[in-house]
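Please look over the sequence and the coordinates below before reading on. The report that follows is meant to be read side by side with them.

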Amino acid sequence: MNKGIVIALSSIGLAQALKIPIKKYQTGKWDMRMIAASGGMPSSHSAGVSSLATYVALKKGVSTVDFALASVFGIIVMYDAQGIRRQTGEITIKVNTLDEEIEKLAGLPDGGFHDLTEQRLKEMLGHQPEEVIGGAILGVALGAIGYFLEGKS
């Protein structure tokens, strides 16, 4: 069994599960769809890659190629999660409201026509920086816990 993969996938799963009570705390409503949602607190992307990098650092050492690969991969994933994917989500919000904005500029009343007939694009794609940091902290903790539990088994 590859303990690094198990720890990383478990970290992703736990981060996704934590989104449900965090969303409840933020909005007062339970939203079970958060278990499969992209975006939100904490970033499961960050949790997965940082738990793997932490586990590899503790298991193999920080001077190894293994740790270098896990770290560079992690940095790229976290940058993408809060940078490029977040920007894509913000552009999607604009695209989803473009028809309504054009009607407003033309002086036409908003009859809700576009809300009901058009399929809206998914807007929550990326992460705010604090969500990435939250996921990274969770991942470091879970990677260390996984490593130390392995030593006791």
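The sections below go from the overall make-up of the chain to individual helices, contacts and backbone details.

## Overall make-up and confidence

This is a predicted model, and the protein chain in it has six helices and zero strands, so that, from the N terminus on, its elements run α-α-α-α-α-α. Of the 153 residues of the protein chain, 35% count as buried.

The mean pLDDT of the protein chain is 85, and 84% of its residues reach 70 or more. Among the elements, helix α2 (residues 44-60) has the highest mean pLDDT, at 97, whereas helix α5 (residues 113-117) has the lowest, at 51. Where pLDDT is low, the predicted coordinates should not be read in detail.

## Helix α1

Helix α1 covers residues 3-27, and because a helix is expected to advance 1.5 Å a residue, its 25 residues should span 36 Å; the C-alpha atoms at its ends are 36 Å apart, which agrees with that expectation. At the start of α1, a side-chain oxygen of Asn2 comes to within 3.0 Å of the backbone nitrogen of Gly4, and just after the helix Gly28 takes a positive phi of about 80°.

The buried residues of α1 are Gly4, Ile7, Ala8, Ser11, Ala15, Gln16, Lys19 and Ile20. On the surface, Ile5, Leu9 and Ile12 form a nonpolar patch, with about 260 Å² of accessible area together. Ile12, which has its place in helix α1, counts as partly exposed because its relative accessibility is 31%, a value that lies between the 20% and 50% cut-offs.

## Contacts of α1 with later residues

Ser11, also placed in helix α1, counts as buried because its relative accessibility is 1%, under the cut-off of 20%. The side chain of Ser11 is joined to that of Ser51 by a polar contact of 3.1 Å.

Ala17 is another residue found in helix α1, and with a relative accessible area of 33% it is partly exposed. Ala17 and Ser44 are 27 residues apart in sequence, while their C-alpha atoms are 9.4 Å apart in space.

## Cis peptide bond

In the loop between α1 and α2 lies Pro42, which is joined to Met41 by a cis peptide bond with an omega of about -10°. Most residues other than glycine have a negative phi, and most peptide bonds are trans.

## Salt bridges

The structure holds two salt bridges. In one of them, the side chains of Arg33 and Asp31 meet at 3.0 Å, N to O. The partners are unlike in their exposure: Arg33 is exposed, with a relative accessible area of 66%, whereas Asp31 counts as buried because its relative accessibility is 15%, under the 20% cut-off.

Glu150 forms a salt bridge with Lys59, and the closest N and O atoms of this pair are 3.3 Å apart. The pair links distant parts of the chain, since Glu150 is in helix α6 (residues 129-152) and Lys59 is in helix α2, with their positions 91 residues apart in sequence. Lys59 is partly exposed, with a relative accessible area of 43%.

Conventions: Residues are numbered from 1 along each chain as its sequence is written. Side-chain values use heavy atoms; hydrogens and water are left out. Helices (H or I, at least four residues) and strands (E, at least two) are DSSP runs, numbered from the N terminus. The expected span of a helix is 1.5 Å times one less than its number of residues. Buried means under 20% relative accessible area, exposed over 50%, partly exposed in between (1.4 Å probe, protein chains only). A polar contact is a pair of N or O atoms within 3.5 Å; within protein, one must be able to donate a hydrogen and the other to accept it, and residues adjacent in sequence count only if both atoms are side-chain atoms. pLDDT is the predictor's confidence in each residue, from 0 to 100. Patches are made of residues with over 30% relative accessible area and no salt bridge: like charges are joined within 9 Å, nonpolar side chains (Val, Leu, Ile, Met, Phe, Trp, Tyr) within 5 Å. Accessible areas come from the Shrake-Rupley method with a 1.4 Å probe; for residues, only the protein chains shown count as cover. A salt bridge is a side-chain nitrogen of Lys or Arg within 4 Å of a carboxyl oxygen of Asp or Glu.
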